[in-house]
Amino acid sequence: MFEHPILNAWFEEYNKENGLEKNNKQDNERRYINYIYFSQIQPDRLDRDFDLLDQICGEAPEGMGLIGIAITMNGQMLSAKTDIEDILQKDGQGRFEVYILAYKGMFSAEQLIDEIYCKRWDGYSFSDIITGFKTQSIVARWEKLPDINVIFVAEETAETFGIKGKEYTASIYQVNEEKLYAIAQTNRREYRAELVYKQAIDFEKIEDAGQVYVALCSADSLNGLLTNEDGLIRANIFDGNVRDYQGNTDVNKEMEATLTASPMNFVLFNNGITIVCDALESKNKVLYIKNPQIVNGCQTCSSLYKAKRKGNDLSRVQVIVKVIEATKPELTREIVKGTNRQNIVYEEAFETIRRYHKELEDFFNATQTEGFCKVYYERRSKQYARDNTVKPYQKISFRVLIQSMVAMYMNRVEISHRHESKLISDYKDKLFVEGQSYYPYYVAALLASNLEYIMKQERDLNDMRPYKMHLLFLIQELTMGPAPDINDKERIDKYCTKLLGQLGKMGYKRAVMQAAHRFRQIRDQWIDTKGQDYRYAIKDNPEFKDFMLKELRGNITVDTNSDVYTGRVMSVTTDKYGNLYGFIAHKPENVYFNELDNPDMNIFYEGKRVSFRLTGKAGRTRGVNVRLV
């Protein structure tokens, strides 16, 4: 399909890895172009979020030459309108960008913008998202006008130009196969950069590292490393950074003010950036860097990039750059931790480098279940990119893992599709807790990854794609009934073992098809009961969840694990009657508990981590069902 031989080879490789050989070739080409281009916007997301890629590819109305449509907020691709509120809770303000990828020659850029951004047909997710961020309450939190990027795929490249609208700014790009190849090459981490410096210190040999340089370079030279041929920032160069650009924080405003008012002083006020790489060489005041990763300094780089795009003269701006040739992955992780200790780092950004996640990864690697494709926990970006034995559908990301856990073991399937930053914030003390069994996490990952594989093979399940989390919940519910508390290690392990045994006997594909059939039945009953207006917005409707439970169980009573918390016991003592009582560390206020509600408690609970539920008994919030984790 592609004339460039290497690009075409990668295209065929991609089709084979993802089981697309029998699909329409034109559809596969569109899919691969979308995959290449949008992977540079948010690296690694489309390697594991197959639904989002389907959405980008499949939501293009016919007859316009469209290849794909994607929308980002603060650098993160949006898959649903609810993502907007989830990200705003964390970031405060929103920077929206709409990307329209199209073949050159059918519609002009102005026509595409008018049809997609202004008219917005009903029934498309991108229309729903655009409508969402144009509501008055969200507009009040815009950082600036939305950017619309129209990217034409053509035989030749062309100069970039802009269009100024009343409610947006637009940039028009044109790429050919050569540019697509360059983007794909960078996405595959085969990028080689050059950084011209003015002065540098070459350090002596350091354990687990090769060459190490601290260099003083110009902002223009650094911007050359940060941007691609179109002048767009290489998002995947920040894969190893725990933070994305934080927007108009006070620190970033000060940086941008310095760049404008006193550029020569920038180097005095800024800590510089840290880069790790696979290989490093210096010749004639040029650092030759293979696969650079900026692990600290995202705010500095983004501020420099923004200033350059605004037309600021950065020729007098100097930056201190530390470049480290890391020969072992362990060294890179320690550098990331050591250089990102600022208070403004979001706590959840460090979630997957916690010991529990490493042990969870090891458990996945050591466990194989008959009748299922093996699953791998890809807790770090592109962790298995160079392992050809691991297929895309076998990789489970933190995003999908936490969504699956919320659906299956927190009994909150109606919110399970929400953004991972929202979920980890809500379930911080309930999921991924030290002492919990790894088994429910493994089961959730195994069933989710194998469901993805089956759905790619069975076209009859296409209508079920928005309801994958509902299917996981139904598979578990129909096979074993409600799951016990995940903090009860003995019971949850037995439950998970029996669940996988049952699914292995009947065949997982059969279980998936039965769950899909039951879901359709319940959905039809819901519409018959409520009316045709209730056909839509089922996925995130708690009332539909309750209706589903009633149809399955005859009632909506849930042994809800969403009420189970964990915390550390601060103190245990006795009251004047000799009864034990204590306090558990918890926010917004610590939790009181006593032995009258918890007969098994003893003095040795102090300092231990426990699981517990909350009750309003006797007009005061107390901890009940307190158990050692």
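Buried here means under 20% relative accessible area, a cut-off on which the following legends to a predicted model rely.

**View 1. Helix H13, residues 298-309, and its surroundings.** Of the 12 residues of H13, 10 are buried, so the helix is largely enclosed by the rest of the structure. These buried residues run through Cys 298, Gln 299, Thr 300, Cys 301, Ser 302, Ser 303, Leu 304, Tyr 305, Lys 306 and Ala 307. At 1.5 Å a residue the helix should span 16 Å, and its end C-alpha atoms are indeed 16 Å apart, so the expected and modelled values agree. Just after H13 comes Gly 311, which takes a positive phi of about 95 degrees.

**View 2. Cys 217 and the cysteine sulfur closest to its own, in Cys 301.** The two sulfur atoms lie 9.5 Å apart, which is too far for a bond, because a disulfide requires a pair of cysteine sulfur atoms within 2.5 Å. By this rule the count comes to 0 disulfides. Cys 217 is buried, with a relative accessible area of 0%, and Cys 496, at 0% relative accessibility, also counts as buried.

**View 3. Ile 138 in helix H8, residues 136-139.** With a relative accessibility of 4%, Ile 138 counts as buried. Leaving aside neighbours within four places in sequence, Ile 138 is in contact with Ile 84, Glu 85, Leu 88, Phe 96, Gly 132 and Phe 133. One of these partners, Glu 85, is 53 residues away from Ile 138 along the chain, while the C-alpha atoms of the two residues are separated by 8.6 Å.

Definitions and conventions:
Residues numbered from 1 in each chain as written. Predicted model: local features only at pLDDT ≥ 70, side-chain atom pairs only at ≥ 80, totals over all residues. Heavy atoms only, no water. Helix = DSSP H or I, 4+ residues; strand = E, 2+ residues; numbered from the N terminus. Expected span 1.5 Å × (residues − 1). Buried < 20%, exposed > 50% of the residue type's maximum accessible area, 1.4 Å probe, protein only. Contact = heavy atoms within 4.5 Å.
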